[in-house]
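Hi there,

Here is the structure I promised to pass on to you. Have a look at it first, and then read on for what turned up.

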Number of protein chains: 2
Amino acid sequence: MSEIPESLQLEAIARVISPYQEKFGVPRQPGLVPGARGWLQMMPEFARPEAFDGLQGFSHIWVIFGFHLCAGQHRLRVRPPRLGGNREQGVFATRSPFRPNKLGLSVLRFEGLDLSGDGVRLAVSGLDLVDGSPIFDIKPYLPYSDCIPDALGGFAGSAPENRLRVVFAPEAERALESLPEGAAAARELIVQTLSLDPRPAYRGDADDRVYGTRLQGRDVRWRIRSGQVEVVEIVPLSA
Amino acid sequence: MSEIPESLQLEAIARVISPYQEKFGVPRQPGLVPGARGWLQMMPEFARPEAFDGLQGFSHIWVIFGFHLCAGQHRLRVRPPRLGGNREQGVFATRSPFRPNKLGLSVLRFEGLDLSGDGVRLAVSGLDLVDGSPIFDIKPYLPYSDCIPDALGGFAGSAPENRLRVVFAPEAERALESLPEGAAAARELIVQTLSLDPRPAYRGDADDRVYGTRLQGRDVRWRIRSGQVEVVEIVPLSA
């Protein structure tokens, strides 16, 4: 087998445009936040509508992407947030970004091919990628092969259930109303994202820190109050 | 976004040991041939049981691998075998190997960690990889996120249904009996593989050519007779 190459050089075929501008707040799997909408902006070489002919019959796509914010050494053992951040697992038993080769895999809802602007982009939702992540492949989701309903899911056998209620302080409520995409869309993204409790590990109700999450060009500031997420304010990010 | 790297150098973390020794005959998706058993032989750096701690709770794994036999130029349009090989689709609407970056994605049944020989290997089944393919990532299959039962599957909405019946000529039947893994296991692999009709495109019953498929170190020779696959002979491959 020695003649088979052991390395492969990938070049990005697209970049993701995502509301998540930093790792903090990104959902831990795709599909948890249906309101997380964005695009795969194809690189010029692949900005060719004919390369997507037939994709309109599929509702979902796989993307293979790079965890570009997790450069550096990988780990052989990691502490998945699903286990509270304090129990180690082998890295290959998790979807942790701190893995050899730094490849991510997400299934996204495909919302259509967008030829309205410059180039070619794919509208997607259910994003769990950080803005700007390089995309190395796009494949159709094949339900007959990819969906295995009776598969055993180990320590992550079901979706995270304990969603927190999200409320808005008056100042945040006022800020919502003035957003260009409309209050409803902005509220949907914020509520779905923060209800997952993005804190690194469970810190309990005694946690009175105000957290900031960069979403869609804004700093969304929130805290935990009586087991709920209270959005305190929404302020534009300076560029 | 210009500071984000556009390329990524992958290094194989494992090699697959598969009964399929050439592209011809490889099932077009994983899981179609449950009897296709093999191993992911970890490279020395990752031959560490602790890197798989927790994986025993999962029944299936994803592998991201290289289509190492499809080097050279990719295509933007391909002719999927599922459409009879005569209708073009955009490459990103297919799982064709002739794609940019030459990455494959397969879900395999995880049969356990094998520490019995030298190093560490993962026993798998349902293989659709060519022997020796470089593996770049192994991830657990998360049913709550990866299984989307109501996804629309475009031109490949259901599994291939027209399985052919497979019969064995007397000489092939005798050869089966003398195989070291046992006649039952060898028969299962051959029947499941050839029932999918691996011919490049449908050629009809008038096709009297004898095909050879390299399986598990042997040349399995077969032809189509009255709409059935007849295995003519099974001969060892000279090394």
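Let's start with helix 3 of chain B, where the buried residues are B:Ala186, B:Leu189, B:Ile190, B:Thr193 and B:Leu194. Viewed down the axis of helix 3 of chain B, these buried residues fall within an arc of 105 degrees, so they line one face of the helix. The background is familiar: an α-helix has 3.6 residues a turn, so residues three or four places apart point the same way. Please keep in mind throughout that this is a predicted model.

Helix 3 of chain B covers residues 183-194, which makes 12 residues. From first C-alpha to last it reaches 16 Å, close to the 16 Å expected at 1.5 Å a residue. What do its buried residues pack against? Within chain B, the partners are helix 2 (170-177) and four strands: strand 10 (166-168), strand 11 (211-215), strand 12 (218-225) and strand 13 (228-236).

Over in chain A, there is an open sheet of 4 strands in the order 10-13-12-11, with mixed pairing. Its edge strands, each pairing on one side only, are strand 10 (166-168) and strand 11 (211-215) of chain A. From one strand to the next, the twist averages 35 degrees. Strand 11 of chain A pairs with strand 12 (residues 218-225) of chain A through 5 bridges in the antiparallel sense. If you want a spot to zoom in on, A:Gly212 has A:Arg221 in strand 12 of chain A as its bridge partner. Helix 2 (residues 170-177) of chain A packs on this sheet and touches strand 10 and strand 13 (228-236) of chain A. The direction of helix 2 makes about 50 degrees with that of strand 13 of chain A.

Chain A also holds a barrel, which 6 strands close in the order 2-3-8-7-4-9 with antiparallel pairing. Here the twist averages 45 degrees from one strand to the next. Within the barrel, strand 7 (residues 103-114) and strand 8 (residues 121-125) of chain A run antiparallel and are joined by 5 bridges. A:Arg109 stands opposite A:Ser125 in strand 8 of chain A.

Finally, the two chains meet through their strands 1: 5 bridges join strand 1 of chain A to strand 1 (residues 7-11) of chain B, and the two run antiparallel. A:Leu8 stands opposite B:Leu10 there. Which residues of strand 1 of chain A are on the covered face, and which on the uncovered one? A:Leu8 and A:Leu10 make up the covered face, while A:Ser7, A:Gln9 and A:Glu11 form the uncovered one.

Enjoy exploring, and best wishes!

Conventions
Residues are numbered from 1 along each chain as its sequence is written. Chains are lettered from A and ligands numbered from 1 in the order in which they are written. This is a predicted model: local features need pLDDT of at least 70, side-chain atom pairs count only at pLDDT 80 or more; totals for chains, interfaces and linings use all residues. The expected span of a helix is 1.5 Å times one less than its number of residues. A residue is buried if 20 or more other C-beta atoms lie within 10 Å of its own, exposed if 12 or fewer, and partly exposed in between; C-beta atoms are placed from the backbone. The arc is that of the directions from the helix axis to the C-beta atoms. Two residues are in contact if their C-beta atoms, placed from the backbone, lie within 7 Å. Two strands pair if DSSP finds at least two bridges between them. Axes are lines fitted to C-alpha atoms, for helices over the stretch in contact, and angles run from 0 to 180 degrees between N-to-C directions.
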